[in-house]
Amino acid sequence: MTAQPAALSIDAAAARLHAGAVIAYPTEAVWGLGCDPFNEAAVRRLLALKARPVDKGVILVAADVGQLDDLVDWDALGPAARATVVAGWPGPHTWIVPATARVPAWVRGVHRDVAVRCSAHPVVAALCRVFGGPLVSTSANPAGAPPPRTLGAFDPHLRAALDAIVDGDTGGLERPTPIRDARSGQVLRD
């Protein structure tokens with residue numbers, strides 16, 4: 001039998017994230033994988049587990065807008081677009097926004113912008129608060145496979161490779177959060 005990652009409290013998981021862990025946690029619709037976005041080795045390990053190329057970039061999830069202030073170039077976005085973005089937060093809305101120079105290339109991929117969300121999901125928001133900032137958030141599935149809606153639906157090899165799991169329930173959305181471009185309003189993922 002393959003060893004399974006430990007189920008940790010939010011406090012313990014946040015401590016592990018600071019040490020470079022890759023964890024799974026429930027999100028608004030599916031189970032997600034997360035790590036410290038400023039730890040290049042952790043992000044690259046997460047991407048390798050998913051077989052996802054780094055050039056695609058990843059989403060950053062936060063507990064509140066303040067956790068994104070030094071990562072999003074709000075001035076480049078403009079006040080009207082900023083108001084539109086923050087109006088739906090916290091909530092299940094992911095936006096592509098101008099990135100500051102602080103956002104690492106391994107988070108942005110080949111893009112100049114970054115995908116961000118302020119989540120209302122209680123586990124996600126609490127994890128970001130205790131961690132002290134945003135986390136990488138991507139679905140907990142190998143590239144091309146359906147994302148798991150339950151722990152039982154996890155790819156067993158992916159699950160066994162994780163450092164920890166934060167238990168909880170997904171938020172009940174039918175699909176992962178929509179992604180929109182904040183400059184144009186274009187829907188990139190419905």
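User: In this predicted model, which residues is Val114 in contact with, leaving aside its neighbours within four places in sequence?

Analyst: The model is predicted, not experimental. Contact here means heavy atoms within 4.5 Å. Val114 is also among the residues with the most contacts inside the largest nonpolar core. Beyond its sequence neighbours, Val114 is in contact with Leu60, Leu71, Trp95, Ile96, Val97, Ala99, Val103, Val107 and Arg108.

User: Which element supplies the largest share of the largest nonpolar core?

Analyst: The largest nonpolar core has 36 residues. Several elements each supply at least two of them, including strand S3 (31–34), helix H2 (40–50), helix H4 (79–87) and strand S6 (113–118). The largest share is four residues, and it comes from H2.

User: How many residues are in the second, separate core?

Analyst: In general, nonpolar side chains tend to be buried together in soluble globular proteins. The second core includes Leu17, Val61, Val123 and Phe131. Its residue count is 17.

User: How many disulfides does the structure hold?

Analyst: A disulfide needs two cysteine sulfur atoms within 2.5 Å. The sulfur of Cys128 is 8.7 Å from the closest cysteine sulfur, in Cys118, so the two are too far apart for a bond. Cys118 is in no disulfide. The number of disulfides in the structure is zero.

User: Is Cys118 buried or exposed?

Analyst: Buried means under 20% relative accessible area. Cys118 has a relative accessible area of 1%, so Cys118 is buried.  Cys128, with a value of 0%, is likewise under the cut-off and is buried. For Cys118, the answer is buried.

User: Which element gives the most to the lining of the largest pocket?

Analyst: The largest pocket has a volume of about 750 Å³. Of the 34 residues that line this pocket, the closest to its centre are Arg52, Gly57, Ile59, Ile179 and Arg189. S3, H5, S6, strand S7 (135–139) and strand S10 (187–189) each give two or more residues to the lining. With four residues, the element that gives the most is S6.

User: How many residues of that lining are charged?

Analyst: The lining of the largest pocket divides into three classes. Nonpolar residues number 15 and polar residues 10. The charged residues number nine.

User: How far apart in space are Asp181 and Ile96, C-alpha to C-alpha?

Analyst: Asp181 is in strand S9 (residues 179–181). Asp181 touches Ile96, and also Trp95, Gln186 and Leu188. Asp181 and Ile96 are 85 residues apart in sequence. In space, their C-alpha distance is 4.7 Å.

Definitions and conventions
Residues are numbered from 1 along each chain as its sequence is written. This is a predicted model: local features need pLDDT of at least 70, side-chain atom pairs count only at pLDDT 80 or more; totals for chains, interfaces and linings use all residues. Side-chain values use heavy atoms; hydrogens and water are left out. A nonpolar core is a set of buried Ala, Val, Leu, Ile, Met, Phe, Trp, Tyr and Cys residues joined through side-chain atoms within 4.5 Å. Buried means under 20% relative accessible area, exposed over 50%, partly exposed in between (1.4 Å probe, protein chains only). On a 1 Å grid over the protein atoms alone, a cavity is a set of points where a 1.4 Å probe fits but cannot get out, and a pocket is an open set with protein on both sides within 12 Å along at least five of seven lines; lining residues have an atom within 4 Å of a point. Grid points are joined across faces, edges and corners, and a volume is the space filled by probe spheres set on the points. Ala, Val, Leu, Ile, Met, Phe, Trp, Tyr, Cys and Pro count as nonpolar, Asp, Glu, Lys and Arg as charged, and the others, Gly among them, as polar.
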